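The exercises below are meant to be worked through with the structure open beside the text. Try each task on your own before reading the solution that follows it.

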Amino acid sequence: MNTQANRNGTPDAAANETACVLPWIHLCASIDGVYGRCCVDDSMYHNALYDQQDEPVFALNDDAIGCSPGSRYARDNPDRVMGVQEAFNSPNMKRTRLAMLNGQRVDACKYCYFREDHGAQSYRHNVNRRFHQEFNLDALAARTSADGTVEEFPFFLDIRFGNTCNLRCVMCTYPVSSSWGAKQRPRWSAAVIDPYRDDEELWATLRENAHLIRRLYFAGGEPFLQPGHFAMLELLVETGNAGNVDIAYNSNLTVSPERAMALFPHFKSVGIGASCDGVGEVFEYIRTGGKWDDFVANLHLLRSEADVWLQVSPQRHNLWDLRNLLEFARTEGLDVDLANVVQWPPDLSIASLPAEEKVRATDELTDLIAWCTGLGWDKPAAHLDALRSFMNSLDPAGLVEEGVS
Ligand SMILES: C[S@@+](CC[C@H](N)C(=O)[O-])C[C@H]1O[C@@H](n2cnc3c(N)ncnc32)[C@H](O)[C@@H]1O
Ligand code: SF4
């Protein structure tokens, strides 16, 4: 990564195509205690280590931001153990800001650039749109010191408070879900992972900076089963800061949300992307262990307290059920987000469909796009359009070769 940014206050002209607002406002912390620029930061994930028969050395990727004291990486990377404040200005985070201002692509962000190169929506696009007021390159450059430091507390946090989950979805894996861990994991690792529960420094930092937090995103694992998620909500309520905070979730909505619902009225807003990858049997096949009726009941319960939409991860198992899903959403009056296309595992990606099925799938998607457009339902139409491009711009071999697996 080039560290020589143009620091005369003027971002490079190419920065619009490479920069992301998140390194200036946000920090992510993974299920197993690695900090990231965001939740799709490639350097944060060390999945191959969990395939080892014998306990491996938990060496952090060179490009990773750092690790938390309670993580399994701490012992093997003593020089890179840090708290959230230090992580926000760790050497790799500072280099990332400078490279982005310099119009350079950052290796750790290849997941987004890959999607953009293949016609799909990227998280970078999404957050730059959402935080358009903050995504002013001149203003970001002005807030960035010569070595890349930003002297602020990240107002947007995505801390994954462990992997506890009741489901074992077909496209998910260990260590993301403890239920996957219960079935299949290396013997040296416990099914449940939660590096933050006893991290006193983290909780003290969160308490001290609670007044600066404006947005939280919860996923996991299943957030409605995570003790740390409840502790975080309670901390903001106790310190009188909840009213400043927008909270957003991805939840499988198959466990009771009632404990969280009691806290929701304290917050500025609550948005829930209810993960829904099919209707009825298709839902239950993909979301192994989940019951469609429970999902629908929780959906109805939550709608009184939160803004709820359907969060779909398009993949081979639900491509032919997207019509049902969209019709269900119309009936319920719900918005649908289809941007999170499954890339891994490659055999579940729609890009790995045989050529003749892609032809039929293209017709189906074209028909659905026309249907949504006719209804003035622009967001799903745009996501389906991106899905069609993504499917057709890649051959199955390309999925592996281009490093998305
Ligand atoms: C990992 S889950 C965690 C939150 C919660 N348990 C849930 O299912 O919504 C967050 C989102 O990632 C999606 N997801 C899971 N596995 C995926 C994969 N292999 N590729 C893309 N998205 C995936 C889920 O469908 C869900 O919408
Ligand atoms: S519910 Fe979420 S975390 Fe649990 S297995 Fe499914 S995708 Fe993974």
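**Exercise 1.** In which loop is Pro223 found? Describe its surroundings as well.

Solution. Keep in mind from the start that this is a predicted model. Begin with the position along the chain: Pro223 is found in the loop between β5 and α10. Next, consider the relative accessible area, which is 0% for Pro223; because buried means under 20%, Pro223 counts as buried. Then look for contacts, leaving aside the neighbours within four places in sequence: Pro223 touches Phe218, His229, Phe230, Tyr249, Asn250 and Ser251. Finally, compare with Asn102, which lies 121 residues from Pro223 in sequence and 37 Å from it in space, taken from C-alpha to C-alpha.

**Exercise 2.** Which peptide bonds are cis, from Tyr174 to Pro175 and from Gly220 to Gly221, or trans? Place Pro175 and Gly221 in their loops, and then examine the backbone of Leu253.

Solution. Take the bond from Tyr174 to Pro175 to begin with: its omega is near 15°, and the bond is cis. Pro175 has its place in the loop between β4 and α8 (178-183). Turn now to the bond from Gly220 to Gly221, where omega is near 20° and the bond is again cis. Gly221 belongs to the loop between β5 and α10 (227-238). As for Leu253, it has a positive phi of about 50°, although it is not a glycine. Leu253 is located in the loop between β6 and α11 (258-263), and with a relative accessibility of 0% it counts as buried.

**Exercise 3.** Work out in what order the strands of the sheet are arranged, and describe how β1 is joined to its neighbours.

Solution. Read across the sheet: nine strands form an open sheet in the order β3-β2-β1-β4-β5-β6-β7-β8-β9, with mixed pairing. The edges are β3 (66-67) and β9 (335-337), each of which pairs on one side only. Now go to strand β1 (residues 26-29), which pairs with β4 in the parallel sense over four bridges. Among the residues that face each other here, His26 has Phe156 of β4 as its bridge partner, while Ala29 stands opposite Ile159 in β4. With strand β2 (residues 34-36), β1 runs antiparallel, and two bridges join them; in this case Ala29 has Tyr35 as its bridge partner. The strands β1 and β2 form a hairpin with four residues between them, and Gly33 in the turn has a positive phi of about 90°. As a last step, check the side chains of β1: His26 and Cys28 point one way, Leu27 and Ala29 point the other way, and all are buried.

**Exercise 4.** How many aromatic pairs does a search of the whole structure find? Describe two of them, and then look for charged groups over rings.

Solution. The search finds 18 aromatic pairs. A pair of aromatic rings is described by the distance of the centres and the angle of the planes. For Phe131 and Phe155 the centres are 6.1 Å apart and the planes are at 65°, and the pair is edge-to-face. Phe131 lies in the loop between α6 (123-130) and α7 (137-143), and Phe155 in the loop between α7 and β4 (156-159), so this pair ties together parts that are 24 residues apart in sequence. Both rings belong to buried residues, Phe131 and Phe155.

For Phe218 and Tyr249 the centres are 5.3 Å apart and the planes are at 35°, so this pair is tilted. Because Phe218 lies in strand β5 (residues 215-218) and Tyr249 in strand β6 (residues 246-251), the pair ties together parts that are 31 residues apart in sequence. Phe218 and Tyr249 are both buried, and ring pairs link them with Phe161, Tyr196, Trp203, Phe224 and Phe264 into a cluster.

To finish, turn to the charged groups: Arg97 lies over the face of Phe88, 4.6 Å from the ring centre, and the charged end of Arg215 sits over the ring of Phe156, 5.7 Å from its centre.

Methods
Residues are numbered from 1 along each chain as its sequence is written. Chains are lettered from A and ligands numbered from 1 in the order in which they are written. This is a predicted model: local features need pLDDT of at least 70, side-chain atom pairs count only at pLDDT 80 or more; totals for chains, interfaces and linings use all residues. Side-chain values use heavy atoms; hydrogens and water are left out. Rings of Phe, Tyr and Trp (its six-membered ring) pair if their centres lie within 6.5 Å; planes under 30 degrees apart count as stacked, over 60 as edge-to-face and the rest as tilted. Buried means under 20% relative accessible area, exposed over 50%, partly exposed in between (1.4 Å probe, protein chains only). A charge sits over a ring if NZ of Lys or CZ of Arg is within 6 Å of the ring centre and within 35 degrees of the ring normal. Two strands pair if DSSP finds at least two bridges between them. Contact means heavy atoms within 4.5 Å.
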